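This report examines a protein chain through its charged pairs, one of its helices and its overall make-up. Please keep the sequence and the structure in view while reading.

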Amino acid sequence: MAIRVTCPSCGKSMDVGEDKRGKRVVCRGCDKPLQVSGGTRPRDNDERDYEDAIQEERRPRSRTDPGRADQRDWDDDRDSSKSRIRAGASSRDVRDRDGRDRDNRDRDSRDRDPRDRDDDGPPRRHKKSRHKSATSPLVWIFALGGGGLLLVALVVVLVISLNAPDRTTKPRFVGQPPPFVNAQPAPVKQQPDQIPVEVVERVKKATVHIKVTTPTGLMAEGSGFFAEPGLVVTNAHVLGMLQARSRMPAQATVVVNSGELNEFQLSGNVLGVDSGSDLAFLRVPETQGKMPQPLKIETSQGLRETQKVFIFGFPFGSRLGKNVTVNESSVSSLRKDAMGALDRVQCNGGMHPGNSGGPVVNGNGDLIGVSVAGIPGTPIVFAIPSDHVTRAMAGRLLDDNRREPYIDGGKVRVPVEFTFLDPMKRIKDLRVEVWTGDAGRDRPPSLVKPVASDGDSQRETHKVTYENGFASGNILLPKVPAGKVVWVQPVTTTNEKTNLWGPARAIKDLTPLERKSASLKVQFNAQEYRTLQLKSSVSTSVLKGNSKKSFAWKTELDMIERVSPDAKGAVARTGIGPLDVYFELDENKKPVDPEVTRLLKLIPPVFVLDRTNKVIDREDTEVSASVPEQIRKLIRYFYGDICNVYEAGCITMPPPNRALKAGDTWQATMPMIINLGDRVETDDLALICTYEGTRTKEGRNEALASLVGRLHGRGVMKNLIDGKVSGKMTFDLSGGFVSHAKMAIITEADIPESDLRVVGAFDIEVKRSLGNPKNLQIPQQSPPVNQILQDISDALTVGDPQTTDKKFKPGTRVKIYPVQLEVGKTYHITLKSKAFDAYLLLVDANNRILAEDNDSLGNRNARIIFHPKASGQYRIIATAFDGGMGQFYLTVMSSESTVR
């Protein structure tokens, strides 16, 4: 029996043999591959065409990095070439407008979730120092297209999750075809090459100018349009909300009939953001008799190359003028993702900075795309397909979380959580379908009930509570035959009674928790060896004005620790084994000098832990000043990264005499050290740990806890840095240690004094087990020859002079101490106080800042490690980052023992 299939690329239909069912064939019209639907029963031709087309076009994107999935920049080029692209995007309203648009370059097309790391702090004993003389890797060399928001975003993603079926590893399904558009290739419609005058006027009225004030008071501009009465569509990046944890703008003003006599302004309320597609939705109050007619949204499935299109918006914002600009363009390419879904409409010019969020229409004035980006120096520009707008308005799954299975009355249940973008409130309810089957890749969404795969059991349906874009429930799992896994798939129902099957994912680890009491008692056995596997992946973008710099690095290593009890708790001496590192600058992988890894192995840190497992101190071995500065800089990057991962895995445990019941919580606070090129910023991870239960896995009895919390800045940065922490960790109940932690933090920081926003992603994984099967060594190091030069006990009082540095609170007091330093020696300068947040600066005779530090050790104390390039008189400035006063202790120590 022949099977009728239709190519989603060119629309050609053809017959193939029954033996091709479930396989890929080559289209006879365009020579592109297409999937022939599989199944257990023959279907008639009409049904076959419809379902085949749906399954082909609804395939999800490949799995993406957690940080990057949230970072799909407006100027991202989805093409495999990863070309840099500049926005046809929001235009700058204030600083950095004068002429910078001429040399706009894209923000780097990867979502290397901004992650800026240590530039100048040498491996710290108790802190990382900052040396102003060092060159920051975050030089501002890229101009952001579109006169984008004056921002620098800092995202640090710290997710602790131990099993594949949780939120850290799930794919984002960004770019999937729209859920409520006929998935069959749309017939080619003949469009007029010219747009009638009356149509131009109608689209101009529906196009709006958007002015945005960020949470820190910065200004930006962009374009938008009415898609329904009272509903304005624009880009997420126009609002400064491209990241998952982006804060809402302080104000979003929608200007209707901009530049005309009947111009008026409306206040926009953010309904929702689709960061994956870079779309945002605003609700504005409807003014009787004044509101323009919304644009009709045409499916983008019928677009064809060379088709004439017309771009509306406000290029260069108010600088060019307040009136709408209309440019003619044409479709030059239909860019698809790895699964064949239309991801971007490439056009031939007509889009400029400030067009971001504006409509792209056909000759009939119907929306076929939304302006988003462009490649600088070329006429190549991009639009988001209109079907993405339709999909988001209908309700789109943004996030799902399948937590650990647990035993309930002899049956196994799994908690599930789903987050949707539902700006129009069209999702009525949600159910979850569960079945057993063979393990495999995640299954794509579908407009019709998916056809069962070979080996699938009958589906069971469970109702879950849905309200305001969020659904949760505890799903009963079926009995699982040997060799099978459990599949879970959400199904939404809209107000129009239309069903959409979301992505199906398997729960692969089915070892259930027993929700019984347990004590998480930390054990420090004398001279006990434990082997660790540490992994860290960091990617950062830092933006200033129209400029952007991105870099990333990855660290993987084996480490040995020997734990020795002491009066405070324990000292953990470490040794570094096989080490794999790389550094990437603006998507260009940089080779790491082998000397970096050689020296890293010679300077393993020593940690001091208290009885609750919290790191309270650290001892570092300094690298000789004779080592080239570039080598020392990279050593500081990776050394700090190793210490961050280790310390993040040392989750503070509750008191040992406290028996936890399932659902009990405790709080844990740990530092997160963020190196911003020429300075170090230490923030606090404030965690709430929830005990979930125990299980036996690989012969070990372990407890599992989930983690949620926030990342907060310190001092004047407290209200400018905000982030979300989530994840899990396991605790070996027999050995008394954290056996596995996999973490991610998502955060953003606005630094108005320097007009910066930083966005990044930081993934961490720590595994720990008893013994030393890899025979790793802890280096034997001779004690350093130290000399205490100054040991001062003093206090900051109202009688001391005040600093004029704007990074400190007004009225902050300082104490100044002269010190003689000699070239060839290493100096450790430490400032400790229980009364205030210590801050240190070291300046030369000309008052030039040579180094400064707030709290690079992670506590409220400050430490500088300094190698003078010339002997002479220097000055130490002791002050308080939080403006406090009181007693402090200042120590200056010289050391002649360093690793060379």
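In this predicted model, Asp456 and Arg443 form a salt bridge, in which the closest N and O atoms are 2.7 Å apart. The pair links distant parts of the chain, 13 residues apart, although Asp456 and Arg443 are both placed in the loop between β26 (427–437) and β27 (460–467). Are the two partners buried or exposed? Asp456 counts as buried because its relative accessibility is 18%, which is under the limit of 20%. Arg443 is buried as well, with a relative accessible area of 16%.

The surroundings of Asp456 deserve a closer look. Which residues does Asp456 touch, leaving aside those up to four places away in sequence? They are Trp435, Thr436, Gly437 and Arg443. With Trp435 there is a polar contact between the two side chains, at 3.3 Å. In addition, a polar atom of the Asp456 side chain lies 3.0 Å from the backbone nitrogen of Ser453. The side chain of Asp456 thus takes part in a salt bridge with Arg443 and in a polar contact with the side chain of Trp435.

The count of salt bridges in the model comes to 35. The table sets out three of these pairs.

| Acidic residue | Basic residue | N to O distance |
|---|---|---|
| Asp456 | Arg443 | 2.7 Å |
| Asp800 | Lys815 | 2.6 Å |
| Glu433 | Arg431 | 3.9 Å |

The side chains of Lys815 and Asp800 meet in a salt bridge. Lys815 belongs to strand β45 (residues 814–821), whereas Asp800 lies in the loop between β44 (786–796) and β45, so the pair ties together parts that are 15 residues apart in sequence. Both Lys815 and Asp800 are buried. Salt bridges can also share partners: Asp400, Arg402, Asp442 and Arg505 are joined into one network in this manner.

In the pair of Glu433 and Arg431, the two residues fall into separate classes of exposure. Glu433 counts as buried, at 4% relative accessibility. Arg431 is partly exposed, because its relative accessible area is 21% and the class of buried residues requires a value under 20%.

Attention now turns to a helix. Which residues of helix α5 (residues 594–602) are buried? They are Val596, Thr597, Leu599 and Leu600. These four cover an arc of only 165 degrees around the axis, which puts them on the same side of α5. A general property of helices helps in reading this pattern: an α-helix has 3.6 residues a turn, so residues three or four places apart point the same way. The cover over the buried residues of α5 includes β34 (569–585) and α6 (629–648). At the N-terminal end, α5 is capped by Asp593, which has a side-chain oxygen 2.8 Å from the backbone nitrogen of Glu595.

Finally, the protein may be considered as a whole. It has 6 helices and 51 strands. Of its 900 residues, 62% are buried. Among the contacts with a separation of 6 or more, 73% are between residues 24 or more positions apart. The accessible surface of the protein comes to about 33600 Å², and carbon and sulfur atoms account for 49% of this surface.

Technical notes:
Residues numbered from 1 in each chain as written. Predicted model: local features only at pLDDT ≥ 70, side-chain atom pairs only at ≥ 80, totals over all residues. Heavy atoms only, no water. Buried < 20%, exposed > 50% of the residue type's maximum accessible area, 1.4 Å probe, protein only. Helix = DSSP H or I, 4+ residues; strand = E, 2+ residues; numbered from the N terminus. Arc of directions from axis to C-beta. Contact = heavy atoms within 4.5 Å. Polar contact = N/O pair within 3.5 Å; in protein donor to acceptor, adjacent residues only side chain to side chain. Salt bridge = Lys/Arg side-chain N within 4 Å of Asp/Glu carboxyl O. Areas by Shrake-Rupley, 256 points an atom, 1.4 Å probe, with all protein chains shown as cover.
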